[in-house]
Amino acid sequence: SNVPLTNLAMSESANLAGGKVTYLDGHIVNKGSRTVTGVTVQVLFRDPAHEVAQNETRSLKLIRMRVPYIDIEPVSAAPLKPGDENDFRLIFDAVSPDWDGAYPELRVIRVETK
């Protein structure tokens with residue numbers, strides 16, 4: 001609860017191999033009293049029956065810059081001090097064809113601090 005993930009937005013683009021890349025962007029705030037050096041999240045993509053179609057565990061990546069392209073870096077490269085906030089991006093090279101297209105469930109499962 002000390003690192004809420006908000007303002008979720010999804011987008012897709014084609015990759016050079018002709019496939020599709022799915023992006024999940026959002027915003028993170030450090031509401032705790034310690035510096036956050038890493039965040040691990042679980043992402044659940046569901047099928048139309050609301051069963052889990054794909055379960056991913058990822059390290060959160062912060063958006064470092066947006067122009068001329070979006071560049072991301074691990075939280076450890078730019079730790080979030082108490083009160084700091086930043087945008088993040090998760091990238092999925094493949095999503096199950098059974099996915100219902102709704103926003104996936106996103107849960108923080110581990111927070112590293114110093």
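**Notebook: core, sheet and charged pairs**

I began with the nonpolar residues and found that the largest nonpolar core has 18 residues, with I28, V41, L60, F88, L90 and L106 having the most contacts inside it. The elements that give two or more residues to this core are β2, β3 and β7, and β3 gives the most, with five residues. I note here that I am working on a predicted model.

I then looked up the surroundings of L106, one of the residues named for the core. Leaving aside neighbours within four places in sequence, L106 is in contact with L5, L8, L24, V41, Q42, V43, F88 and L90. Of these partners, V41, F88 and L90 are also named among the core residues with the most contacts, while Q42 is a polar partner that I follow up further down.

**Sheet**

Next I traced the strand order, and I wrote down an open sheet of five strands in the order β1-β2-β7-β5-β6, with antiparallel pairing. Which strands stand at the edges? They are β1 (5-14) and β6, each with a single partner strand, so one side of each is left without a neighbour in the sheet. Neighbouring strands of this sheet are turned by 40° against each other on average, direction ignored.

I went through the pairs in turn. Strand β1 is joined to strand β2 (residues 20-29) by eight bridges, and the two run antiparallel; within this pair, E12 stands opposite T22 in β2. Strand β5 (residues 61-65) pairs with strand β7 (residues 85-92) in the antiparallel sense over two bridges, and there R89 in β7 is the bridge partner of K61. On to β6 (residues 71-74), I find four bridges to β5, again with the strands running antiparallel, and L62 stands opposite E73. The strands β5 and β6 form a hairpin with five residues between them.

**D71 in the edge strand**

I picked D71 because it is found in strand β6 and yet is buried, with a relative accessible area of 18%, which is under the 20% cut-off. Leaving aside neighbours within four places in sequence, D71 is in contact with L62, I63, R64 and M65. The side chain of D71 makes a polar contact with the side chain of R64 at 2.3 Å. I also checked D71 against R89, and the two are 18 residues apart in sequence and 9.4 Å apart in space, C-alpha to C-alpha.

**Salt bridges**

A search of the whole structure finds eight salt bridges, and I looked at several of them individually. The side chains of E12 and K20 meet at 3.6 Å, N to O; E12 is partly exposed at 45% relative accessibility, and K20 is likewise partly exposed at 48%.

The salt bridge of E105 and R46 has an N to O distance of 2.5 Å. What does this pair tie together? E105 lies in strand β8 (residues 105-113) and R46 in strand β3 (residues 36-46), so the salt bridge ties together parts that are 59 residues apart in sequence. I find E105 partly exposed, with a relative accessible area of 27%, whereas R46 counts as buried at 16%. I also note that R46, E105 and R107 are linked in a network of salt bridges.

A further salt bridge joins R58 and E56 at 3.1 Å, N to O. Is E56 buried or exposed? E56 is buried, with a relative accessible area of 18%, while R58 counts as partly exposed at 24%.

**Q42, back in β3**

I closed with Q42, which lies in strand β3 and is buried, with a relative accessible area of 17%. Its side chain is joined to that of N55 by a polar contact of 3.4 Å. Leaving aside neighbours within four places in sequence, Q42 is in contact with N55, E56, T57, E105, L106, R107 and I109. This list brings the earlier entries together, since E105 and R107 belong to the salt-bridge network, E56 meets R58 in a salt bridge, and L106 is named for the nonpolar core.

Technical notes:
Residues are numbered from 1 along each chain as its sequence is written. This is a predicted model: local features need pLDDT of at least 70, side-chain atom pairs count only at pLDDT 80 or more; totals for chains, interfaces and linings use all residues. Side-chain values use heavy atoms; hydrogens and water are left out. A salt bridge is a side-chain nitrogen of Lys or Arg within 4 Å of a carboxyl oxygen of Asp or Glu. Buried means under 20% relative accessible area, exposed over 50%, partly exposed in between (1.4 Å probe, protein chains only). A polar contact is a pair of N or O atoms within 3.5 Å; within protein, one must be able to donate a hydrogen and the other to accept it, and residues adjacent in sequence count only if both atoms are side-chain atoms. Contact means heavy atoms within 4.5 Å. Two strands pair if DSSP finds at least two bridges between them. Axes are lines fitted to C-alpha atoms, for helices over the stretch in contact, and angles run from 0 to 180 degrees between N-to-C directions. A nonpolar core is a set of buried Ala, Val, Leu, Ile, Met, Phe, Trp, Tyr and Cys residues joined through side-chain atoms within 4.5 Å.
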